[in-house]
Number of protein chains: 2
Amino acid sequence: MATDNNSHKEEHLGSSVFITDIVIGMSDGLTVPFALAAGLSGAVQSNVVVITAGIAEIVAGSIAMGLGGYLAGKTEQEHYQSELKREYEEIEIIPDEEKREIKVVFAQYGLNEQTQNIIADELAKDKDKWVDFMMKYELGLEKPDANRARDSAATIGISYIVGGLIPLSAYFFTRTPFQGLFISALLTVICLFTFGYFKSKVTGQPPIKGAVKVTLIGVAAAAAAFLVAKAVNNLF
Amino acid sequence: MATDNNSHKEEHLGSSVFITDIVIGMSDGLTVPFALAAGLSGAVQSNVVVITAGIAEIVAGSIAMGLGGYLAGKTEQEHYQSELKREYEEIEIIPDEEKREIKVVFAQYGLNEQTQNIIADELAKDKDKWVDFMMKYELGLEKPDANRARDSAATIGISYIVGGLIPLSAYFFTRTPFQGLFISALLTVICLFTFGYFKSKVTGQPPIKGAVKVTLIGVAAAAAAFLVAKAVNNLF
């Protein structure tokens, strides 16, 4: 059971991060290049302009999003390291205060003073374990996986490219932006629905309801971009 | 000291999430519309097309990124709720196993069997606190802030719009995409550098080094988008 629970936990945490990254990358990739291409379809006469803009967007977007993921992960690691250094200093300089903080952690769970003292005295015997404990239970910080930032960056970036090429592909095989927009909208709606369905399954939500929600949000973003692009184009 | 530490913790966590959201939104906003406009500058003759595409991108991007942040926050909340339900079920169905899991948590910090038993017995007296403890210390899950998803969505979306309008503004006040690109690149490099500088200050990194890094990455993304857009345009 403990083994089951542990593997469940690992699996859940691991897949949750991976799936969150795919969800972020794919949902942006499906939505933004689709909406950009849709917006341009109402404003230019050539598929080449739509495709050029779309591909420029996918390249920039995948790098920026991947980078965003990478930087977020790096920031998390740097934060952990600086707090770790601080805790090691604190248990040297103010050990009694740090012991009192252990007791505060357990007081909030209703443990009595005597038990709190036993825990604090025992924990303080091993400095590394003491600091480990303070990091996790006082500050709520887990040691970040060193590969996490890199993996997250790659997952988000690739998901964005895959997502973005789907709506754009329609403009390769059609003659006018209007035809492209029609096929692109059809393809993207199907993909958003499918993507929303599996996303909901994985996160334990009602899949049809989730699929409809994801599709509606994607279509709304594209419609907003289309209308604003039309308005901007009419202004000039 | 405990109060100091707590306020330090709150502050650190709070600002870290908020700043991470701004960093994600702004870095994408500065990079993607800049790169898209740069790419189109080498491929079209009219500033109107560049501005139309840029604004369509900012609208779509801010909605997609805001939505990404919102969905990520919602997923986190749903995950917490489903695990909470599971823990309440487990302490009813297999209380002895759950008590053993408490002991496992403390065994890894070198506490002896007797202390482990005292903690497990005391914790098990209050079911709500027991579940709270299992959520945080067995599964490593903090109760997500209900406003977090909404705040995060708004912060990322607004940061994206602010970031995106900066590189695009150059095309409003110039006559050709080439002139626009020149001013846009100048403006964006200054902003990326400034943004990188303050970002590094806030995260406790060497500010100049950080500013150079952020600027180089932004320029690299824009250059890649520019070259790929040029190549695509030459293909047709």
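Let me open with a working definition: a residue is buried under 20% relative accessible area, exposed over 50%, and partly exposed in between. Take I22(A) as the test case: its relative accessible area is 26%, so I22(A) is partly exposed. And please keep in mind throughout that we are looking at a predicted model.

Let's stay with that residue for a moment. I22(A) is part of helix α1 of chain A, which covers residues 2-41. What does I22(A) touch, not counting residues up to four places away in sequence? The answer is S27(A), T155(A), S159(A) and F195(A). The S159(A) contact is a nice one to find on your screens: I22(A) and S159(A) are 137 residues apart along the chain, yet 5.6 Å separates their C-alpha atoms.

Now hop over to chain B and look from the serine's side. S159(B) sits in helix α6, residues 148-169 of chain B. Is S159(B) buried or exposed? With 7% relative accessibility, S159(B) counts as buried. A polar atom of its side chain lies 2.6 Å from the backbone oxygen of T155(B). If we set aside neighbours within four places in sequence, the contacts of S159(B) are D21(B), I22(B), G25(B) and M26(B).

On to how the two chains go together. Chain B superposes on chain A with an RMSD of 0.2 Å, after a rotation of 180 degrees and a shift of 0.1 Å along the axis. The two copies are therefore related as by a two-fold rotation axis. Both copies use the same surface, since 100% of the contact residues of chain B recur in chain A.

How much area is buried between chain B and chain A? About 7000 Å², with carbon and sulfur atoms giving 69% of it. On the chain B side, the residues that lose the most area to chain A are Y109(B), E122(B) and Y137(B), which together make up 10% of what that side buries. In terms of contacts, 77 residues of chain B meet 77 residues of chain A.

And what about specific polar pairings across that interface? The count of salt bridges between chain B and chain A is 0. Residue pairs in polar contact there, with both partners at pLDDT 80 or more, number 4. Several helices of chain B supply two or more residues to the side that touches chain A: α1 (2-41), α2 (47-93), α3 (95-107), α4 (113-123), α5 (127-138) and α8 (207-235). The top contributor is α2(B), with 23 residues. Sorted by character, the residues on this side of chain B are 42 nonpolar, 17 polar and 18 charged.

So where do salt bridges turn up? Over all chains the count is 14, and I've picked three to show you. In chain A, R86(A) pairs with E90(A), and their closest N and O atoms are 3.5 Å apart. Both residues lie in helix α2 of chain A, 4 residues apart, or about one turn of the helix. As a reminder, an α-helix has 3.6 residues a turn, so residues three or four places apart point the same way. The two partners fall in separate classes of accessibility: R86(A) is partly exposed at 26%, while E90(A) is buried at 9%.

Chain B has its own version. R86(B) and E90(B) meet in a salt bridge at 3.5 Å, N to O, again within helix α2 and 4 residues apart. Here R86(B) counts as partly exposed at 27%, and E90(B) as buried at 9%.

The third example joins two helices. E92(B) forms a salt bridge with K127(B), with 3.0 Å between the closest N and O atoms. Because E92(B) lies in α2 and K127(B) in α5 of chain B, this pair ties together parts that are 35 residues apart in sequence. Both ends are partly exposed, E92(B) at 49% and K127(B) at 40%.

Let me finish on helix α5, this time in chain A. At its start, a side-chain oxygen of D126(A) comes within 3.1 Å of the backbone nitrogen of D128(A). Within the helix, residues 127-138, the buried residues include W130(A), F133(A), M134(A) and Y137(A). Just after α5(A), G140(A) adopts a positive phi of about 70 degrees.

Thanks, everyone, and I'm happy to rotate the view wherever you like.

Conventions:
Residues numbered from 1 in each chain as written. Chains lettered and ligands numbered in written order. Heavy atoms only, no water. Least-squares fit on C-alpha atoms with pLDDT ≥ 70 in both. Contact = heavy atoms within 4.5 Å. Buried < 20%, exposed > 50% of the residue type's maximum accessible area, 1.4 Å probe, protein only. Polar contact = N/O pair within 3.5 Å; in protein donor to acceptor, adjacent residues only side chain to side chain. Buried area = accessible area lost by both parts, 1.4 Å probe. Salt bridge = Lys/Arg side-chain N within 4 Å of Asp/Glu carboxyl O. Nonpolar A, V, L, I, M, F, W, Y, C, P; charged D, E, K, R; others polar.
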